[in-house]
Amino acid sequence: MRRTGGTARRRVIEAVAALCVSGALLAFLASGLGPVPPLGQALDPGTGVWTSAEDAAGVRSETLRLPGLRGPVTVSFSPAGVPTVAAGSDDDLFEALGYTHARFRLTQMDLQRRLGSGRLAELVGPAGVESDKFQLQLGLLRTAEAQWAATPHDSESAVALLAYARGVNAWIGQARAAHRRPALFSLTGVHPADWTPVDSLVVQGVLTENTSFTTGPLALSILQRSLGERRTREWFPVLPPNPQRPYDPGPYEKAVSKPAAAGRAPAVRDDGATAATADRTALAWIAAQAGGSAGSQRNSNAWAVNGPLAAGGRAMLAGDPHLPHTLPSYWFQAALRSPGYSVTGFTLPGMPAVLIGRNEHISWTVTNAQTQSTFYYREVTDPHRPGEYYWRGAWRRMERLTYAIPVRGGAPVRLTVDLTVHGPVMTQLGQTMSVYWTGATGSPSLTAILSVARARDFDGFTAALRDWHSPAQNFVYADDAGNIGAVAAGHFPIVASGDPWLPLPGTGAADVTGMVPYEAAPRVYNPPDHMVVSANDRPVGAGYPYYLGPSTGFDPGYRTRRIRDYLGSRRAMTKDDFTALQHDVTDGLAIRIVPRLLDALRDDRLTPAEREARAQLAAWQGAMDPDSGAAAVWWTFWNAYLTAVFQPWWTAGKVPVHLDPGRLAISASQTTLSGSLESWTLRDQDNAAFTPPRGRARTAREVMRAAFHRAIADLSARLGPSPRSWAWGRVHSVSFPSLTGAPGLGYGPLPAGGDPQTVNAAGGDMSSVFGPSMRMVVNWVGESRSDDATAYPGGQSENPGSPWYRNLLAEWLSGRYRPLPVPGAGSSPVTWTLSAGREDG
């Protein structure tokens, strides 16, 4: 594209573009992957220190040269910016996808690989050093390098990775030759290196870390020391406190575990203080580098119906993964067609595959399986045996790795990483603490998802997912023959002994001895009630013979119940029924608790404002609509109720909330606490938890009344004395921040409905920046034909000067959908023609 002059307007556009692309770092760090290294005044829009913003003029038809192509490829863009890539070979398809990703998301891709590879400080200076240390300890780069070394280079996944890298590098080379580097790199003087297959596997690892790495066992250990073992086990139980409706109801195969030979461990003097110090140190360090509350927000919805529940008797599928709202999004929508593939859906920039979508015969989406993938080990060490640890009856040498972290504007920082058989040592203060994480064992996930894209039926689908190891996901399925199903794919570790929801002894007695056999993984196919629902709750019942994780890792099931109730009350549903459900904001917890609250208030003396608020609740149906006053009353009451019950215990136990507020603080986001309080309110109103330490005896009714009075006082102070003027949207908003957080580049805040427990989820605090990252509905209306709908917040480009930066956001907010593009079908006003020949001018 031709460069334009240096007008003031152009400088502003370029500044905006640079701000956007530099902020891709923030997207991944804000989602739970580290601190934000600031670039300071270098990103001031008034400086005019920018290089290019050619995409701001919009994409035009071009003939482009990509060395390595075997034949011509076309990339045709819809008016919304969604490309359809058509190629004569699979190699060419992936090369063209890599080129397209790089054109629109190069900085996002580069920052992801820097994040996972421990090379942020090379770009942002000293502020990135701590994040780099953490990532090099955790080992995403080591895992990616080992996985690539073990991958036959003539395999399908290797060929795709190599071709994809050629495409990315074709754009990097063109941008370098034309001096079109993204502004962030020109500002810092650090430019994107060539892309490699290892980089794609690092990007895969970043996604795996974001969806499966957790600090849960450390947090539970700290709570147990603060609150006592009995209370912690009761308030944070392993199995859910309330009944759930798993998609796999059993019967289940019998568990088989192999005990480990631990040997006799040397005597270790431990009065509890050293272990407590280790837990606190590890939690503070990991939570700080992992953005706090690692793995605490991983929600998604997925469901499918067939038979009498689907119009025409075939099958329908819906999915909406929940991730942080950012501009641009995590996802990049695309349709791909070649001799081996005809698939449409959502790709992840940096990876050559459609992760969620459909082909000509099947459709699929995912929710996080929520199973425990992270285990912490207290290693036995001796100050007289430096560099050693005791495991299975003998002293062993730790493997020691050294790194030199490059730092922009400073000297390299040296890092030493010690490894035990369990994994990297995260801290040696108090006790030596190592971490076993399934994401560090490697996963041929690309092989699996490429095979899924070619599957024609459920057998082929489940066979493909045998190779999916991490992150563990629930894959929900529907096909053109009217079949539906789900399978939890991934590695589910079997621990030999002990309580794996807490840190484990590193002597060998509590090692991971294997994985749950794939044949015994949760799954369902064509259930008799004609529906499959997965919304992050436990996929199996209490009789499942394998440990999957404690209740703190799973959703309490409010969204699943609401979805099942909605689907079960209808027949012959259409696409419109599914899209309506995706926007449902009914709070299932409120529906169960509000009647008990109203009963508790029946004989209470109320002020006029309290009487009006009670009347609003009595007439309310549980919808968290932005204009609902009752919704504001409910949410404020529930948080006040949680605080009134648990805060006295937290204060008495001196819970160190500051170490990891997302996992240790009392709030409605602590879903296990909410589930326990729900259970007591409905079935055990004299539970001892209602009586504070050394306080007078209380019941649920008394505490509910006090919490209601507090809630009304708080709302009156915030919104005015009349409940008739209150509204949920006056206290609850949604925002779509730019990846830099820079004012003017994001969207919002806007009054918003929903909450973390509604199908249309709004996660986070009262200013929500977490929820559905895309929506998709596939309605199989006939053989190989579907009636699709998708919605996507934001746009395809990371450049805020581009017309495709946030062009789809208004549709998203208004509830409108677009059809998924059909691979190889239709015409486009904008087409790239890619070949190995010469470019046009």
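This passage goes through helix packing, a small sheet and the enclosed spaces of a predicted model. Local features need pLDDT of at least 70, and side-chain atom pairs count only at pLDDT 80 or more, while totals for chains, interfaces and linings use all residues. Residues are numbered from 1 along each chain as its sequence is written, and side-chain values use heavy atoms, with hydrogens and water left out.

Helix packing comes first. Two packed helices are described by the angle between their axes and the distance between the axes. Helix H17 (residues 588-600) and helix H19 (residues 629-653) sit with their axes 11 Å apart, at an angle of about 80 degrees. Helices here are DSSP runs (H or I, at least four residues) and strands likewise (E, at least two), numbered from the N terminus; axes are lines fitted to C-alpha atoms, for helices over the stretch in contact, with angles running from 0 to 180 degrees between N-to-C directions. H17 and H19 are therefore roughly perpendicular to each other (65 to 115 degrees; under 35 is roughly parallel, over 145 roughly antiparallel and the rest oblique). On the H17 side the contact (heavy atoms within 4.5 Å) uses Leu589, Ala590, Ile593, Val594 and Leu597, and on the H19 side Trp634, Phe637 and Trp638. The tally is 8 nonpolar residues, no polar and no charged (Ala, Val, Leu, Ile, Met, Phe, Trp, Tyr, Cys and Pro count as nonpolar, Asp, Glu, Lys and Arg as charged, and the others, Gly among them, as polar).

Helix H18 (residues 608-619) and helix H22 (residues 700-719) cross at roughly 105 degrees, their axes coming within 10 Å, so this pair is roughly perpendicular as well. Here Ala609, Glu610, Ala613, Arg614 and Leu617 of H18 meet Phe708, His709 and Ile712 of H22, a mix of 5 nonpolar, 1 polar and 2 charged residues.

For helix H3 (residues 90-117) and helix H9 (residues 197-212), the axes are 8 Å apart and the angle is about 75 degrees, so H3 and H9 are also roughly perpendicular. Gln112, Arg113, Leu115, Gly116 and Ser117 in H3 touch Asp199, Val202, Val203 and Val206 in H9, and these divide into 4 nonpolar, 3 polar and 2 charged.

H9 turns up again around the largest cavity, giving the largest share of its lining with 5 residues. A cavity is a set of points on a 1 Å grid over the protein atoms alone where a 1.4 Å probe fits but cannot get out; a pocket is an open set with protein on both sides within 12 Å along at least five of seven lines, and lining residues have an atom within 4 Å of a point. The search of the whole structure turns up 9 cavities of 30 Å³ or more, and the largest holds about 360 Å³ (the space filled by probe spheres set on the points, which are joined across faces, edges and corners). Its lining has 28 residues, with Leu207, Thr211, Leu355, Val366 and Gln473 nearest the centre; by class there are 15 nonpolar, 12 polar and 1 charged.

Then there is an open sheet of 3 strands, ordered E25-E24-E26 with mixed pairing (strands pair if DSSP finds at least two bridges between them). Strand E24 (residues 733-736) runs parallel to E26 over 2 bridges, and Val734 stands opposite Ser768 in E26.

The second largest pocket holds about 400 Å³. Val734 is among the residues closest to its centre, along with Ala752, Gly753, Asn760 and Leu813.
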